[in-house]
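The following exercises are intended for a reader meeting this structure for the first time. Each task is followed by a solution that proceeds step by step.

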Amino acid sequence: MKTICFLFSPVTHQIRGKKVHTALKVTTQALATTKDKSLTKENQEFLDNVVNDLYANQPEYRSPLADGPWKRNVYTKRTLRTGVLAIKLGNLPQWSKDGKKITTTLLQVIVDNHVIRYYSPEVFKTQAGWLPRWSDKYGSVVVGALSTDPRKYNEQYNEQFLEAGVPPKRKLTRFLVTQDAAIQPGTPLNAMHFRPGDFVDCSAKTIHHGFQGAVKRWGFKGLPKTHGTTKKHRSVGGIGGKTIVSVWKGKKMPGVMGGKWRTLKGLKILRINTKYNVLYVKGQNIPGETHTFVRINDTVLPLRRKTENPPPMPTWYPEDESEQLAEEYFDEDLFQFTNESLDLKTGTK
Amino acid sequence: MPKRLSLKPEEVEKYRKSKLIDHPDVPVAEKTQRETVPADYRFVFPEFLPDPEYDRRDRVRERLERDDMYRRRMVIEIPEFYVGSIMAVTIADEQTPSKESRFVGICIDRGGIGLRAFFILRNVVDGLGVEIMYEMYDPTVLSIETLLLEKRLDNHLYYLRDAPPEYSTFSFDTEAIPIPKGTAIPVNPLKVKLNPRPWLERWERQDLKGIQELNLPQKFYDRAEIHAEKPWQKHDLMKQYRSNINADDTEQVMKEVHQRKKAIDRENTRRRKEAIFKNKK
């Protein structure tokens with residue numbers, strides 16, 4: 001079987017006046033093939049059925065999970081687990097048990113999150129995109145989401161999913177993991193990877209505003225509206241000093257606004273819906289518009305990591321649950337809508 | 001042109017329905033029941049209609065939001081009310097000695113979508129105008145009552161701020177006047193006489209039916225005509241389509257509300273009976 005390296009190397013384009021940011025975290029290396037229009041409707045339906053049965057029955061696409069699971073390690077202080085890919089669904093208000101309003105963001109962990117590949121630290125070291133400061137601490141995990149029709153992509157792209165035995169994915173992303181959190185390709189990931197009360201980091205691309213002036217991009221005041229000002233109402237003004245005959249680096253000026261990777265750290269998970277795999281995360285400012293892809297992983301903030309009550313390692317498996325999975329799990333501090341209204345008379349909140 | 005970095009709503013739906021993805025069905029109103037939904041449900045439960053902004057719509061989020069709303073309505077009775085109705089609201093309040101506070105007033109505005117739904121009550125207490133905004137699904141709200149169920153001629157009554165206080169003064173001891181079941185909601189044809197200028201807003205520029213003749217100089221009406229909506233704008237079909245939920249979606253949501261309302265009503269009557277027995281003891 002061919003091994004194809006995922007392209008994660010930073011690319012910079014030297015275009016004058018246009019700033020393009022590096023660090024490509026989510027990539028699709030897909031080329032659409034042209035659809036054969038000469039097929040009849042029946043033949044088209046037949047092919048559709050073949051595609052749907054392909055990953056269930058063909059021995060070529062056998063899941064590696066059938067060989068038995070890998071060894072599960074104990075969570076330590078230094079462990080870095082894999083993350084998941086989600087889409088942002090929008091904001092909803094929720095209330096705490098004190099009666100305070102909390103704005104939450106709904107993140108749907110897309111149902112078919114699968115581990116596509118795991119690279120051990122030795123292999124990862126030889127790949128493009130590896131940074132020397134990582135030394136041999138981290139391996140990497142490629143996670144994919146949104147299963148698609150393989151006819152949409154070229155052969156080279158589809159072959160990458162043979163190892164995991166899953167349909168080709170539209171979106172791929174890479175997470176750094178320590179060696180004790182190694183995870184088997186083909187493993188499905190879902191919202192139960194986290195628990196209510198855990199803290200997570202969410203990273204996504206901010207809304208792309210295009211090329212904007214300094215007033216919108218940096219909140220500058222502009223020049224006076226009256227007193228003879230002509231055609232300069234939204235201008236920057238002076239950009240240099242008296243003594244230094246140059247412009248300081250990082251001077252705030254017009255340019256491309258948004259479309260950058262940004263991370264919000266230490267967000268609390270307040271509620272989990274297991275039916276639709278939705279996480280209710282505290283905070284209203286997760287980057288991007290509705291239906292953007294969001295990378296969610298355990299927080300890096302040391303005081304918010306739960307080493308005493310560790311999360312499931314390397315991920316949650318259905319066998320872990322002794323009872324039947326409830327539809328919803330709540331944080332201790334969150335008000336549940338099935339409860340009675342708040343009664344402050346009795347002194348209990 | 002800035003790049004779109006997110007999936008379109010229809011693309012997301014396509015993936016959710018794909019056979020390659022094992023996504024659970026998002027249930028909507030049952031089709032088997034052939035009951036006709038009352039036509040005015042759109043105005044009785046306006047907060048159940050989703051945000052008309054197309055790019056922000058998501059079927060799963062709307063489903064989860066409405067489920068929470070039904071759950072809350074099973075616990076507390078949220079009665080029918082309109083702008084112009086006189087209402088009484090009790091909330092849990094830490095700052096008062098009794099840990100509760102009750103407020104009576106006229107509903108001057110109502111809005112918000114889903115769990116964000118709100119209404120504003122206005123009253124004049126000891127000569128001072130008081131307005132309080134309540135959120136309908138806030139768990140600190142202990143009870144909502146409509147003392148007088150009626151409508152006014154306008155969609156909002158913010159002009160009461162510039163009217164004499166007697167138009168918005170209501171006693172806290174007002175008793176509820178129920179209207180017979182099945183009758184149409186009465187519309188109060190009261191026309192308010194505003195105080196002389198200066199005002200908080202230029203009321204002459206708004207198309208208000210509930211105020212008396214303003215008797216301003218002609219130049220005010222001339223300016224109002226310039227700022228008024230152009231006569232062809234009310235026939236702009238695309239504008240209407242973008243700012244409203246279409247008829248099919250409205251029907252589907254209201255059908256679901258109608259089906260869920262039976263269980264909610266049953267729960268409310270049970271609770272009311274329980275309260276009566278408690279008081280007797």
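Two residues are in contact if their C-beta atoms, placed from the backbone, lie within 7 Å. The structure under study is a predicted model.

**Exercise 1. Describe the side of chain A that touches chain B.**

Solution. Begin with the extent of the interface: 38 residues of chain A are in contact with 38 residues of chain B. Next, identify the strands involved. At least two residues of this side of chain A come from each of strand 2 (84–95), strand 3 (101–109) and strand 5 (138–147) of chain A. The most is given by strand 2 of chain A, with 6 residues. Finally, sort the side of chain A that touches chain B by class: 15 residues are nonpolar, 16 polar and 7 charged.

**Exercise 2. Determine which strands pair with strand 11 of chain A, and in what sense.**

Solution. Take the partners in turn.

- Step 1. Strand 11 (residues 261–273) of chain A pairs with strand 8 (residues 199–205) of chain A in the antiparallel sense, over 6 bridges. Here K268(A) in strand 11 is the bridge partner of F199(A).
- Step 2. Strand 12 (residues 278–282) of chain A runs antiparallel to strand 11 of chain A and is joined to it by 4 bridges. L279(A) in strand 12 of chain A stands opposite I272(A). These two strands form a hairpin with 4 residues between them, and in this hairpin N277(A) takes a positive phi near 60°.
- Step 3. Strand 14 (residues 328–330) of chain A is likewise antiparallel to strand 11 of chain A, with 3 bridges joining them. The bridge partner of R271(A) is F330(A) in strand 14 of chain A.

A general principle applies to each step: strands of a sheet pair through backbone hydrogen bonds, either parallel or antiparallel.

**Exercise 3. Identify the residues that touch the most other members of the largest nonpolar core.**

Solution. The largest nonpolar core has 74 residues, and those touching the most other members are A86(A), L107(A), V143(A), V278(A), L279(A) and V294(A). Consider V143(A) more fully. Leaving aside residues up to four places away in sequence, V143(A) touches T82(A), V84(A), L85(A), N113(A), V115(A), I116(A), T173(A), F175(A) and L189(A). Apart from the largest core lies another, of 5 residues, including L342(A), A92(B), V141(B) and L142(B). As a general tendency, nonpolar side chains in soluble globular proteins are buried together.

**Exercise 4. Set out the architecture of chain B and of its sheet.**

Solution. First, list the elements: chain B has 6 helices and 5 strands, and along the sequence they follow the pattern α-α-α-β-β-β-β-β-α-α-α. Second, arrange the strands. The 5 strands form an open antiparallel sheet in the order 4-3-2-1-5. Strand 4 (128–135) and strand 5 (141–148) of chain B are the edge strands, each pairing on one side only. Neighbouring strands of this sheet are turned by 35° against each other on average, direction ignored. Third, examine one pair: strand 2 (residues 100–111) and strand 3 (residues 118–125) of chain B are antiparallel over 5 bridges, and R122(B) in strand 3 of chain B is the bridge partner of I106(B).

**Exercise 5. State how confident the prediction is for chain A.**

Solution. Start with the whole chain: the mean pLDDT of chain A is 86, and 88% of its residues reach 70 or more. Then compare elements of chain A. Strand 1 (residues 26–27) has the lowest mean pLDDT, 50, and strand 12 the highest, 97. Lastly, note that the pLDDT is below 50 over residues 1–15 of chain A and over residues 22–26 of chain A.

How values were computed: Residues numbered from 1 in each chain as written. Chains lettered and ligands numbered in written order. Predicted model: local features only at pLDDT ≥ 70, side-chain atom pairs only at ≥ 80, totals over all residues. Nonpolar A, V, L, I, M, F, W, Y, C, P; charged D, E, K, R; others polar. Pairing = 2+ DSSP bridges. pLDDT = per-residue confidence, 0-100. Core = buried A, V, L, I, M, F, W, Y, C linked by C-beta atoms within 7 Å. Buried ≥ 20, exposed ≤ 12 C-beta atoms within 10 Å, placed from the backbone. Axes fitted to C-alpha atoms, helices over the stretch in contact; angles between N-to-C directions.
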